[in-house]
Each structure stands twice: as structure tokens, then as C-alpha cells.
Amino acid sequence: MAAGKEIRGKIKSVENTKKITKAMEMVAASKMRKAQERMLAARPYSEKVRNIAAHLGEANPEYVHPFMKVNADAKKAGVIVVTTDKGLCGGMNTNVLRAVTNKLRELQDAGVSAETVAIGNKGLAFLNRIGAKVVSQATALGDTPVLDKLIGPVKVLLDQYAEGKLSAVYLCYTKFINTMKQESVVEQLLPLSNEQMQAEKTGASWEYIYEPDAQSVIDDLLVRYVESLVYQAVAENMASEQSARMVAMKAATDNAGNVISELKLVYNKTRQAAITTELSEIVAGAAAV
């Protein structure tokens, strides 16, 4: 029964793997709910900042912030790549990195060089592997995004755009649609479009009291708004990560169950064949006597 012993060992190994994937599925489901709550909680802040900045912009049309200007003469673009630090989340990272590759190829065909910022270990490793220029990075963010860790790396590209060195800044991440669906997107972060800076139409007039002046307030608000967009992208990416991991671990658990059933069937057939062979030998021996 050497074959039967080997099959029992395989069954035990797959059962242990099934326990691990089941535990990871439950952990991902718990983290997913918290990540979704953080993602939803971050949206009102960025909307409020955008509305205030838009109202101030309408009240002071003579001032245009550098983030609103188009740097047509620049021959460089910035790309912020948001991925996960860990794997085991299905094809999520593969899909967003494929979108990044297409964007980099598109920029190269247009004669525009690219400088990248990597948020997440998977994106950093990929960008280094393809030889892209990585000007800054943020890794080991954990399960909760912290704005302080994101401001430094992203500020490198924001400052370059404000100085007119970049033609555009793009944000690549995985957008959370629902638990079963996540979408890889490449959005233009800078320059801010008129649609993005359009204030909500409420029918009321806005008069703000601000210090020291409107220009300073608009400058700070637009920087905060762009940073909040990056934070929102990271929060969406983390929610997508936990959802994708939960789905992937559930599929792995189901597959492990199927493999165990198949191995048990093979084991039973092998054991029955061995019993049949032994009975045949006994009957043959008795007949010979």
C-alpha cells in the first residue's frame, strides 16, 4: 500500500493548504469591510475641499493656479502607480500594471519621457524590472493608508508640474466597484480639468472670509485637493485588494476541496484494488491446496 500511503500524504497536505486559504479568506473579508468604510469616509472631504476651491476660483477669476495651467512645452510626464505590497490577490496587480505599460508606451510614442512614483512593493518591483525612472516611492503602507507617508513621494511630481517641467501627471490604480468587481483605471491628475473644478450648483451665493488673501487660500486648497485624490486612490486600491484577495482565497479553498475529493476517490479505488488482489491471492492459494 505504498501508493495508498502517498495519496494519504497528499490529502493531508491539501487539507492543511485549505485551512490556510480559508483563514486568509476570512481575514480578507474582515479587512475588506474596514477598507470600504475608510474609502467611503474619505470621499466627503475631497468633495468639500473641491467645492470651496471652486467657489473661490469663481470669485477670483483673475488668478489661475499652476495646477490649472497646461504646460504644453514640457516633454516629460509623471505617472503615479498604486499597487499592493503583498500578493495573493488574483490578477489585480497584473491588470493595473498592464494599464501602466500601455500608458508608458503611449507617452513614448508621443515623444514624451516618463517619471514615475511607485506606491506599493509590486509596482516598485515592476517599474525597476522594466527600467522605468522611479523618482520616489512609498512602500509598507500597511492596512491603513496614512497621508503623511504619501505626501512626500507625490510632492516630487506636484512641484515639478508647478514649475512647468511636466506636461501632465497621471494616476494609475484599481478602482473599487463592488466586492466582485474592481477596475484598473488611468486618470489624469494634473492639469485639473474645468469639470473637476466645477462647483456644485446650489443656487446660493458664497462669500468667504479668508486670511491672508484669496490666492494663498486657493494655493493651499488645491494642493490639499490633489493630495486627497491620491489618498482616495490608495484607499480604493486597498479596498480592491482585500476584495480581490477574499475572492481569490475562496476560489483556492473551493479548488482545494475539489482536489481532496478527487484524491479520496483515487485512494478508495487503490485500496479496493489492493483488497481485491489480496482476496484473489487467498482464493487462488486455497484452490491450489
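What covers the buried residues of helix α3? In this predicted model, the cover includes strand β1 (76–82), helix α2 (92–109), strand β2 (113–119) and strand β3 (133–138). The helix itself runs over residues 121–130, and within α3 the buried residues are Gly123, Leu124, Phe126 and Leu127. These residues lie on the same side of α3, because they cover an arc of only 165 degrees around the axis. Just after the helix, glycine 131 takes a positive phi of about 80 degrees.

The interior of the model was then examined through its nonpolar cores. The largest nonpolar core has 36 residues, and those with the most contacts inside this core are Phe67, Ile80, Ile119, Val169, Leu189 and Leu190. At least two residues of the core come from each of α1 (2–59), β1, β2, α4 (147–162), β4 (168–178), β5 (181–190) and α5, and of these elements α5 gives the most, with 12 residues. A second core, separate from this one, has 16 residues, and Leu104, Leu107, Leu124 and Leu127 are among them; Leu124 and Leu127 have already been met as buried residues of α3.

Leucine 190, named above for its contacts inside the largest core, touches Phe67, Leu158, Tyr161, Ala168, Val169 and Val226 when residues up to four places away in sequence are not counted. The peptide bond that joins leucine 190 to proline 191 is cis, with omega at about 0 degrees, and proline 191 has its place in the loop between β5 and α5.

Helix α5 comprises residues 214–288, and leucine 279 is found in this helix. Together with Ile275 and Ile282, Leu279 forms a nonpolar patch on the surface, and the three residues have about 290 Å² of accessible area together. Serine 243 also has its place in helix α5; because its relative accessibility is 0%, serine 243 counts as buried. Once neighbours within four places in sequence are left aside, serine 243 is in contact with Met32, Gln36, Phe176, Thr179 and Gln182.

Histidine 65 offers a case of burial in a loop, since its place is between α1 and β1 and its relative accessibility of 7% makes it count as buried. Not counting residues up to four places away in sequence, histidine 65 touches Ile218, Asp219 and Leu222. Histidine 65 and alanine 162 are 97 residues apart in sequence, and their C-alpha atoms are 8.7 Å apart in space.

Positive phi values were also found in residues other than glycine. Leucine 88 is not a glycine, although its phi is positive, at about 60 degrees; leucine 88 has its place in the loop between β1 and α2, and with a relative accessible area of 53% leucine 88 is exposed. Alanine 140, likewise a residue other than glycine, has a positive phi near 55 degrees. The place of alanine 140 is in the loop between β3 and α4, where alanine 140 is exposed, with a relative accessible area of 54%.

Definitions and conventions. Residues are numbered from 1 along each chain as its sequence is written. This is a predicted model: local features need pLDDT of at least 70, side-chain atom pairs count only at pLDDT 80 or more; totals for chains, interfaces and linings use all residues. Side-chain values use heavy atoms; hydrogens and water are left out. Buried means under 20% relative accessible area, exposed over 50%, partly exposed in between (1.4 Å probe, protein chains only). Helices (H or I, at least four residues) and strands (E, at least two) are DSSP runs, numbered from the N terminus. The arc is that of the directions from the helix axis to the C-beta atoms. Contact means heavy atoms within 4.5 Å. Patches are made of residues with over 30% relative accessible area and no salt bridge: like charges are joined within 9 Å, nonpolar side chains (Val, Leu, Ile, Met, Phe, Trp, Tyr) within 5 Å. Accessible areas come from the Shrake-Rupley method with a 1.4 Å probe; for residues, only the protein chains shown count as cover. A salt bridge is a side-chain nitrogen of Lys or Arg within 4 Å of a carboxyl oxygen of Asp or Glu. A nonpolar core is a set of buried Ala, Val, Leu, Ile, Met, Phe, Trp, Tyr and Cys residues joined through side-chain atoms within 4.5 Å.
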